[in-house]
Amino acid sequence: MAAKLTDRGQKILEAIIEEYIATAQPVGSKALTQNQGIKLSPASVRNVMAELEELGYLISPHTSAGRIPTEKGYRFYVDTILRVSEMDRRQQDRIELQYRQQGLQMTDMLREASRTLSSISHYTGLVMVPRLKATIFRHIEFVKLSPRLILAVFVTQSGLVQNKLVEVDEDLSPRELEQITNYLNQTMTGLSIQDVRTRIITEMAQEKALYDQLMRRAFTLSSAALVDESSGEVIIEGTSRFLEQPEFSDLDCMKRIVQTFEQKSALVELLDRGLETKGVQVIIGSETAHTELSDCSLITAAYSGKRGTLGTLGVIGPNRMPYATIIPIVDYTASLISRLLDTDND
């Protein structure tokens, strides 16, 4: 179908989408000739609009003679027509200043990223917190809370802190816990969590571990402490931004979106898609595969550390988003977070 779209058809489709993004109102031929600078007669414009509707790029709402873009129209626009804007240097400085001033730890930095994405884009910001298996071991410490209960405090190379309560079968003294801590920090620092787990399994399978009480205790404790029970955590900022969009003025529609955000599983699945994708990914409407988000688009990019991809961040809003300006915001933020994480790890 895309091959049938003429240059004139592409220009009219581009003009309609950009007018609709700006006004949220169905677009007629008069608006195109007056506001978008289309140098055609209204009759010629209407003919092209009718062709675009026949091809599935536009639809005509019952209440208006104007047209609005379909998902197919937006997808063609993003993939074929869109010219991404350059980010203003002042806007880049504004984003970077949020992090440079505060010397944030990783979790705080990611929360700030979500907040800044929402603030600058005027939509909802999303950031996936790195899963444990994607992180690098820096330090672990064990704190005795009772004879059979120990608090494990694990810190990743990028500054992520995880606390976990571990039940033990024997009463370990503070001195024994200190020895275990020292042993693990000497032998595991710098390894990925995946490598740490592999090493623990390998060492415990060897006979010598059965005779070395310190090693056995160290591997047992660390194995329990490094279990990743999380299905994925997403930091969400600016949910109320949806209330500012006319598409979501219906309370039932807004309620479904908020419930989806609260459950988070759909957002985790969508952000997961970006983990293996280079550059910016745009998911439009039904491409989300979640009915509650069928009127939403999600723009994401992965952020990384020295050992590879850690997570994904992005912006979610109506299909009628200004893709040309949101894409560079998401792309720059992901690049900035990656650079800051590398700097912090030096």
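Visitor: How many disulfides does the structure hold?
Guide: This predicted model holds zero disulfides.

Visitor: How do you know that Cys253 is in no disulfide?
Guide: The nearest cysteine sulfur, that of Cys296, is 7.1 Å away. A disulfide needs the two sulfur atoms within 2.5 Å, so Cys253 does not qualify. Seen from the other side, Cys296 is in no disulfide either, with the sulfur of Cys253 as its nearest, at 7.1 Å.

Visitor: Why is Cys253 called buried?
Guide: Its relative accessibility is 9%, and buried means under 20%, so Cys253 belongs in that class.

Visitor: And what makes Cys296 buried?
Guide: The relative accessible area of Cys296 is 0%, so the under 20% cut-off is met here too.

Visitor: Let's turn to Gln92. Where does Gln92 lie?
Guide: You will find Gln92 in helix 5, which covers residues 89-100.

Visitor: Why is Gln92 called buried?
Guide: Gln92 has a relative accessible area of 16%. That value is under 20%, so Gln92 counts as buried.

Visitor: What makes the Gln92 and Arg89 side chains a polar contact?
Guide: The two side chains pair at 2.9 Å, and the limit for such an N or O pair is within 3.5 Å, so the distance fits. Leaving aside neighbours within four places in sequence, Gln92 is also in contact with Met87 and Tyr332.

Visitor: Which elements have the lowest and the highest mean pLDDT?
Guide: Helix 9 (residues 207-211) has the lowest, 56, and strand 8 (residues 280-284) the highest, 96. For the protein chain, the mean pLDDT is 84, with 91% of residues at 70 or more. Where pLDDT is low, predicted coordinates should not be read in detail.

Methods
Residues are numbered from 1 along each chain as its sequence is written. This is a predicted model: local features need pLDDT of at least 70, side-chain atom pairs count only at pLDDT 80 or more; totals for chains, interfaces and linings use all residues. Side-chain values use heavy atoms; hydrogens and water are left out. pLDDT is the predictor's confidence in each residue, from 0 to 100. Helices (H or I, at least four residues) and strands (E, at least two) are DSSP runs, numbered from the N terminus. Buried means under 20% relative accessible area, exposed over 50%, partly exposed in between (1.4 Å probe, protein chains only). A polar contact is a pair of N or O atoms within 3.5 Å; within protein, one must be able to donate a hydrogen and the other to accept it, and residues adjacent in sequence count only if both atoms are side-chain atoms. Contact means heavy atoms within 4.5 Å.
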